[in-house]
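Visitor: I would like to go through this model with you and ask, at each step, on what grounds a term is applied. Could you set the values against the criteria as we go?

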Amino acid sequence: GFVANKDYEGFKRIGVQAGARLDFNFHTNFSASFQPTYTNMNYGYKVNYQWTGQDNNTLDLQYNHRLTLNYLEMPLMVRFDILRQQLKPYVQGGIGYGLLLKADKYIEIESRDAASGATNPIQNDSPIIGAKNLFINSQFMWYVGGGFSYDAGNVRLGAELNYKQGLNNITNRQNRYSDQRM
């Protein structure tokens, strides 16, 4: 018989995010903020295949998939300053658009063929594949978050934490199964 299992890694892979912020104060405690950002996202999953034939002959395959997506994100946020003082806590929310810049997929294949009479691992290629055609170029998302800003003379320092959720499926359904290596 044939068995296949797929397991996602969860939030184990680190990504990078860097950006700028342009604020426009339109009321005492309210402002609009444009925050263009470069975002690097990494995730992975494993797919295990097992075939068992006559006389308990087996073939085990494990595909370790790692994907890297790079986006230029352009969120537009509305911010509310809770207090008007030198140290300002705030909450914010908004919407954004993301443009896919690059997508790569790395596949590591581990296999054991006990059907041929040996149980040694089989050496396989581990290709890095350009995967941009597997995703659409646009993503839309919403944000909610908060943070603190500190006015230090002519400089404003801040730290914030935001939650982001996509509003559309970024998978290109036409090309999803177009490359047999993936």
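Guide: Let us begin with strand pairing: two strands pair if DSSP finds at least two bridges between them. In this structure, which is a predicted model, strands E7 and E9 (residues 128–130) are joined by three bridges in the antiparallel sense.

Visitor: What makes E7 and E9 a pair?

Guide: The criterion asks for at least two bridges, and E7 and E9 have three, so the two strands count as paired. Within this pairing, lysine 105 stands opposite isoleucine 129 of E9.

Visitor: Which other strands does E7 pair with, and over how many bridges?

Guide: E7, which covers residues 87–113, runs antiparallel to E6 and is joined to it by 23 bridges, with tyrosine 90 of E7 as the bridge partner of aspartate 81. Five residues lie between E6 and E7, and the two strands form a hairpin. E7 also pairs with E10 (residues 138–152), again in the antiparallel sense, over 13 bridges, and here leucine 87 has tyrosine 150 as its bridge partner in E10.

Visitor: Why is leucine 87 called partly exposed?

Guide: Buried means under 20% relative accessible area and exposed means over 50%; leucine 87, with 42%, falls in between and therefore counts as partly exposed. This residue of strand E7 is in contact with Phe148, Ser149 and Tyr150, leaving aside its neighbours within four places in sequence. The C-alpha atoms of leucine 87 and phenylalanine 148 are 6.8 Å apart in space, although 61 residues separate the two in sequence.

Visitor: How do you know that arginine 79 is buried?

Guide: Its relative accessibility is 3%, and since the limit for a buried residue is under 20%, arginine 79 counts as buried. Arginine 79 belongs to strand E6 (residues 58–81), and, not counting residues up to four places away in sequence, it touches Arg21, Asp23, Asn29, Phe30, Ser31, Tyr90, Val91, Gln92 and Ser149.

Visitor: On what grounds is there a polar contact between the side chains of arginine 79 and serine 149?

Guide: The distance is 3.2 Å, and the cut-off for a pair of N or O atoms is 3.5 Å, so the two side chains are listed as making a polar contact.

Visitor: What makes arginine 79 a charge over the ring of tyrosine 90?

Guide: For arginine, CZ must be within 6 Å of the ring centre and within 35 degrees of the ring normal. Arginine 79 lies over the face of tyrosine 90 at 3.9 Å from the ring centre, and lysine 6 lies over the face of tyrosine 45 at 4.5 Å.

Visitor: How many aromatic pairs does the structure hold, and why is the pair of phenylalanine 30 and phenylalanine 80 called tilted?

Guide: There are six aromatic pairs. For phenylalanine 30 and phenylalanine 80 the centres are 5.0 Å apart and the planes meet at 50°; since pairs under 30 degrees count as stacked and those over 60 as edge-to-face, this pair is tilted. Phenylalanine 30 lies in strand E4 (residues 30–34) and phenylalanine 80 in strand E6, so the pair ties together parts that are 50 residues apart in sequence. Both residues are partly exposed, phenylalanine 30 at 33% relative accessible area and phenylalanine 80 at 30%.

Tyrosine 97 and phenylalanine 140 likewise form a tilted pair, with 5.4 Å from centre to centre and 55° between the planes. This pair links strand E7, which holds tyrosine 97, to strand E10, which holds phenylalanine 140, 43 residues apart. Tyrosine 97 counts as partly exposed at 27%, as does phenylalanine 140 at 42%. Ring pairs also link Phe26, Phe30 and Phe80 into a cluster.

Visitor: How do you know that the protein is more spread out than a compact globule?

Guide: The protein has eleven strands and zero helices. Its radius of gyration is 23 Å, well over the 16 Å that the globule rule gives for 182 residues, so the protein is more spread out than a compact globule. The C-alpha trace spans about 80 × 30 × 25 Å along its principal axes, and 27% of the 182 residues count as buried.

Conventions
Residues are numbered from 1 along each chain as its sequence is written. This is a predicted model: local features need pLDDT of at least 70, side-chain atom pairs count only at pLDDT 80 or more; totals for chains, interfaces and linings use all residues. Side-chain values use heavy atoms; hydrogens and water are left out. Helices (H or I, at least four residues) and strands (E, at least two) are DSSP runs, numbered from the N terminus. Buried means under 20% relative accessible area, exposed over 50%, partly exposed in between (1.4 Å probe, protein chains only). A polar contact is a pair of N or O atoms within 3.5 Å; within protein, one must be able to donate a hydrogen and the other to accept it, and residues adjacent in sequence count only if both atoms are side-chain atoms. Contact means heavy atoms within 4.5 Å. Rings of Phe, Tyr and Trp (its six-membered ring) pair if their centres lie within 6.5 Å; planes under 30 degrees apart count as stacked, over 60 as edge-to-face and the rest as tilted. The radius of gyration is taken over C-alpha atoms; the globule rule is 2.2 Å times the number of residues to the power 0.38.
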